[in-house]
Amino acid sequence: MISVADFMTRDLVTVRESDDLALAESLLKLGGIRHLPVVRERKLVGLLTQRDLLRSGQAGAPAARDRAVSEVMTREPVAVRPGTGLAHAARLMLERKFGCLPVCEDDGLLVGIVTEADFVRFAADVVRDLDLVSEAVKARDRAGQA
């Protein structure tokens with residue numbers, strides 16, 4: 001079984017509850033990412049997404065950029081453990097329409113994140129490998145007919 005730990009992104013960009021929305025927005029843009037885990041002493045306490053910023057009217061609004069991340073973030077986001085099966089995580093994301101799943105140890109320590117982009121990359125690699133196998137089978141069949 002492929003687990004979330006085998007697949008997750010470990011090099012994380014995070015924010016704290018007290019950070020301002022201007023910083024969060026900058027991190028999202030500079031990192032080319034859409035999800036920011038919110039941590040307190042490396043433990044997950046929330047999730048701030050690009051969509052959260054847009055919904056709250058904060059994105060690009062100069063007067064609101066000084067507000068704290070804690071005012072906009074999703075509190076107590078659904079998270080999975082490193083040992084969670086990758087298929088289970090994918091189904092959870094599909095069923096709940098999540099763009100990501102933070103990955104935490106039992107004590108809440110954030111250790112990674114799995115995103116939709118990770119799954120698309122994985123699917124592209126699998127399809128490429130299937131194409132290679134298909135081409136090899138076709139070449140073998142052609143060689144066998146000659």
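1. A quick definition before we start: a residue is called buried when its relative accessible area is under 20%, exposed when it is over 50%, and partly exposed in between. Phe122 has a relative accessibility of 33%, so it counts as partly exposed. Phe7 comes out at 14%, so this one is buried. Keep in mind throughout that you are looking at a predicted model.

2. Those two residues belong to a little aromatic story, so let's stay with them. The count of aromatic pairs comes to 2. One is Phe7 with Phe119, a tilted pair with 5.0 Å from centre to centre and 45° between the planes. This pair ties together distant parts of the chain: Phe7 sits in the segment before H1, while Phe119 is in helix H4 (residues 116-145), 112 residues apart. Both Phe7 and Phe119 are buried.

3. How are the rings of Phe7 and Phe122 arranged? Their centres are 5.3 Å apart and their planes stand at 85°, so this pair is edge-to-face. Again the link is between distant parts of the chain, with Phe7 in the segment before H1 and Phe122 in helix H4, 115 residues apart. Put the ring pairs together and Phe7, Phe119 and Phe122 are linked into a cluster.

4. Next, the nonpolar cores. The largest one has 13 residues, and those with the most contacts inside it are Val4, Met8, Val80, Leu101, Val103, Val114 and Phe119. Two or more residues each come from helix H3 (86-96), strand E4 (100-104) and strand E5 (110-115). Of these, H3 gives the most, with 4 residues. A second, separate core has 12 residues, including Leu36, Val38, Leu53 and Val72.

5. If you want one residue to click on in the largest core, try Val114, one of those with the most contacts inside it. Leaving aside neighbours within four places in sequence, Val114 is in contact with Val4, Phe7, Met8, Met93, Gly99, Cys100, Leu101, Val103 and Phe119. Phe7 and Phe119 on that list are also the tilted aromatic pair from point 2.

6. Now for H3 itself. Which of its residues are buried? Leu86, Ala89, Leu92 and Met93 are. Around the axis they cover an arc of only 120°, which puts them on the same side of H3. On the other side, Leu94 and Glu95 are exposed. The buried residues pack against E4, E5 and H4. Following the helix is Lys97, with a positive phi near 60°.

7. Helix H1 (21-31) can be read in a similar way. Its buried residues are Leu21, Ala22, Ala24, Glu25 and Leu28. Looking down the axis, they fall within an arc of 165°, so they line one face of the helix. Notice that Glu25 is among them. The cover over these residues includes strand E1 (35-40), strand E2 (43-49) and helix H2 (50-56).

8. Both ends of H1 deserve a glance. At the start, a side-chain oxygen of Asp20 reaches to within 3.2 Å of the backbone nitrogen of Ala22. Just after the helix, Gly32 takes a positive phi of about 60°.

9. Is Asp19 buried or exposed? With a relative accessible area of 11%, Asp19 falls under the 20% cut-off, so this residue is buried. Asp19 lies in the segment before H1. Its side chain reaches the backbone nitrogen of Arg16 at 2.8 Å. Not counting residues up to four places away in sequence, Asp19 touches Arg67, Ala68 and Val69.

10. Arg16, the partner of that Asp19 side chain, is also found in the segment before H1. Setting aside neighbours within four places in sequence, Arg16 is in contact with Val38, Val39 and Val69. Val69 therefore appears in the contacts of both Arg16 and Asp19, using contact to mean heavy atoms within 4.5 Å. For a sense of scale, the C-alpha atoms of Arg16 and Ala87 are separated by 30 Å, with their positions 71 residues apart along the chain.

11. Finally, the record. An unreviewed UniProt entry carries the annotation "domain: CBS" over residues 8-63 and 73-132. Across residues 73-132 in this model, the chain is 47% helix and 22% strand, and the end C-alpha atoms are 44 Å apart.

Note on methods: Residues are numbered from 1 along each chain as its sequence is written. This is a predicted model: local features need pLDDT of at least 70, side-chain atom pairs count only at pLDDT 80 or more; totals for chains, interfaces and linings use all residues. Side-chain values use heavy atoms; hydrogens and water are left out. Buried means under 20% relative accessible area, exposed over 50%, partly exposed in between (1.4 Å probe, protein chains only). A polar contact is a pair of N or O atoms within 3.5 Å; within protein, one must be able to donate a hydrogen and the other to accept it, and residues adjacent in sequence count only if both atoms are side-chain atoms. UniProt positions are given in the numbering used here, feature names are shortened, and annotations may be inferred rather than shown by experiment. The arc is that of the directions from the helix axis to the C-beta atoms. A nonpolar core is a set of buried Ala, Val, Leu, Ile, Met, Phe, Trp, Tyr and Cys residues joined through side-chain atoms within 4.5 Å. Rings of Phe, Tyr and Trp (its six-membered ring) pair if their centres lie within 6.5 Å; planes under 30 degrees apart count as stacked, over 60 as edge-to-face and the rest as tilted.
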